[in-house]
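Subject: A structure for you to look at

Hello,

Here is the structure I promised to pass on. Please open it alongside this note, and I will walk you through what turned up.

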Amino acid sequence: MNKDFFKQHPLVKHLLYMLVISVIIVFLAFMLIKAIARQGKEYELPDYLDKPLAELKEDNPLHFTYVVIDSVYDAEKGGGIVIQQDPKPGTMVKTHRKIYVTVTTYAPADVVLPELSNMTVRSAVSALEAAGLRCGRLKFVDSPYRNMILEATCKGKLVYAGEKMDQGASVDLTVGIGDKPVGTRVPFVIGQAPAKARRGILSASLNVGVEHWDEVTNRNSAVCYRLYPDYTGVTRYPLGTSVEMWFCDATEADVERIISNFKVDSTQIFKTPYDEYEDYYTTEEDMDFDEGWDW
């Protein structure tokens, strides 16, 4: 093409100008979108669990916005501590994004003690948890009403349904042992988080014993990998027996490996006097602490 061609066909010249200008505009638009979206600039989200929210806001080089979506009381951690975060640690994120967190409150809220009388242990553990309370020790006493809650105490003082208590308070339960020496099996809580493992032990009419934390850096993501007495699926122990638990740090892949590699030690399977009453259970409520586990 020469100048004479464009003079003879001015429309073609204008179309070429429009095409070039359009290409430039599209290129600039893509560059602008890339800059706004910060494409290619992603960072690994740190682990904020067990860290004070105030410190995160002060030291915030990636300019995150922390949004508190819930708060709970934890007497051991104190107030303003992050206990959950979304996205999870290790997620690749861009700067200036919102991080949703759950933090601990500085003071416990008032909660109401639910009616526990005549409940089975499993039901009482669930009711306490739903009310924002914790089940402490189980004390079994002579009573014909086996596995039934007789009274509740907090710090050695009797407490009653409808009474206001601090959220997260520990409630000890006195339970009937029944008229026959019935035992219970240690449940399979291998691979479970601390809270779920404790709930499983208590629901089986056993007590939570010493907890061992083997170089655990984050108790929120720790899982149980060992018990004593061991889980056998067979051996029965007296109601109220204390079960020690060992915890370790674990990813989701670690949990699957811990569960799949778990093997019952046959040397730990032995008979106890309580095994003689294995067929004593007659109703679903009688078997409440012994059957129906969510493996």
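Before anything else, please keep in mind that this is a predicted model. A good place to start is the largest nonpolar core, which has 47 residues. Within it, L116, L173, L227 and M245 touch the most other members. Helix α4, residues 121-130, supplies the largest share of this core, with 5 residues. There is also a second, separate core of 13 residues, and Y48, L53, Y66 and V82 are among its members. As a general background, nonpolar side chains tend to be buried together in soluble globular proteins.

M245 is worth a closer look. Setting aside neighbours within four places in sequence, M245 is in contact with V189, A197, R198, I201, V208, V210, E211, H212, C224, R226 and L227. Two of those partners, A197 and I201, bring us to helix α5.

The buried residues of α5 are P194, A197, G200, I201, L202 and S203. Their cover includes α4 along with the strands β7 (134-141), β13 (207-213), β14 (222-228) and β16 (242-249). Take G200 as an example: this residue sits in α5, which runs over residues 194-203. G200 has a relative accessible area of 9%, and because buried means under 20%, G200 counts as buried. G200 is also 75 residues away from V125 in sequence, yet the two C-alpha atoms are 9.5 Å apart in space. After α5 comes S205, with a positive phi near 65°.

Another buried position is T174, in strand β11 (residues 170-176). Its relative accessibility is 11%, so T174 counts as buried. Leaving out residues up to four places away in sequence, T174 touches K139, V141, M148, I149, L150 and E151.

Now for the surface. Which residues form a nonpolar patch there? They are V20, I24, F27, L28 and M31, and together they have about 500 Å² of accessible area. V20 belongs to helix α2, residues 10-37. With 48% relative accessibility, V20 counts as partly exposed, because that class lies between the 20% limit for buried and the 50% limit for exposed. On helices in general, an α-helix has 3.6 residues a turn, so residues three or four places apart point the same way.

Finally, a few backbone details in the loops:

- D86 and P87 are joined by a cis peptide bond, with omega about 5°. P87 is in the loop between β3 (82-86) and β4 (92-93).
- Y228 and P229 are also joined by a cis peptide bond, with omega about 0°. P229 is in the loop between β14 and β15 (236-238).
- N118 has a positive phi, near 70°, although it is not a glycine. N118 lies in the loop between β6 (110-112) and α4, and at 58% relative accessibility N118 counts as exposed.
- K155 has a positive phi too, near 55°, and is likewise a residue other than glycine. K155 is in the loop between β8 (149-154) and β9 (157-159), and at 84% relative accessibility K155 counts as exposed.

If you would like one place to begin, try M245 and follow its contacts to A197 and I201.

Best wishes

Notes:
Residues are numbered from 1 along each chain as its sequence is written. This is a predicted model: local features need pLDDT of at least 70, side-chain atom pairs count only at pLDDT 80 or more; totals for chains, interfaces and linings use all residues. Side-chain values use heavy atoms; hydrogens and water are left out. Helices (H or I, at least four residues) and strands (E, at least two) are DSSP runs, numbered from the N terminus. Buried means under 20% relative accessible area, exposed over 50%, partly exposed in between (1.4 Å probe, protein chains only). A nonpolar core is a set of buried Ala, Val, Leu, Ile, Met, Phe, Trp, Tyr and Cys residues joined through side-chain atoms within 4.5 Å. Contact means heavy atoms within 4.5 Å. Patches are made of residues with over 30% relative accessible area and no salt bridge: like charges are joined within 9 Å, nonpolar side chains (Val, Leu, Ile, Met, Phe, Trp, Tyr) within 5 Å. Accessible areas come from the Shrake-Rupley method with a 1.4 Å probe; for residues, only the protein chains shown count as cover. A salt bridge is a side-chain nitrogen of Lys or Arg within 4 Å of a carboxyl oxygen of Asp or Glu.
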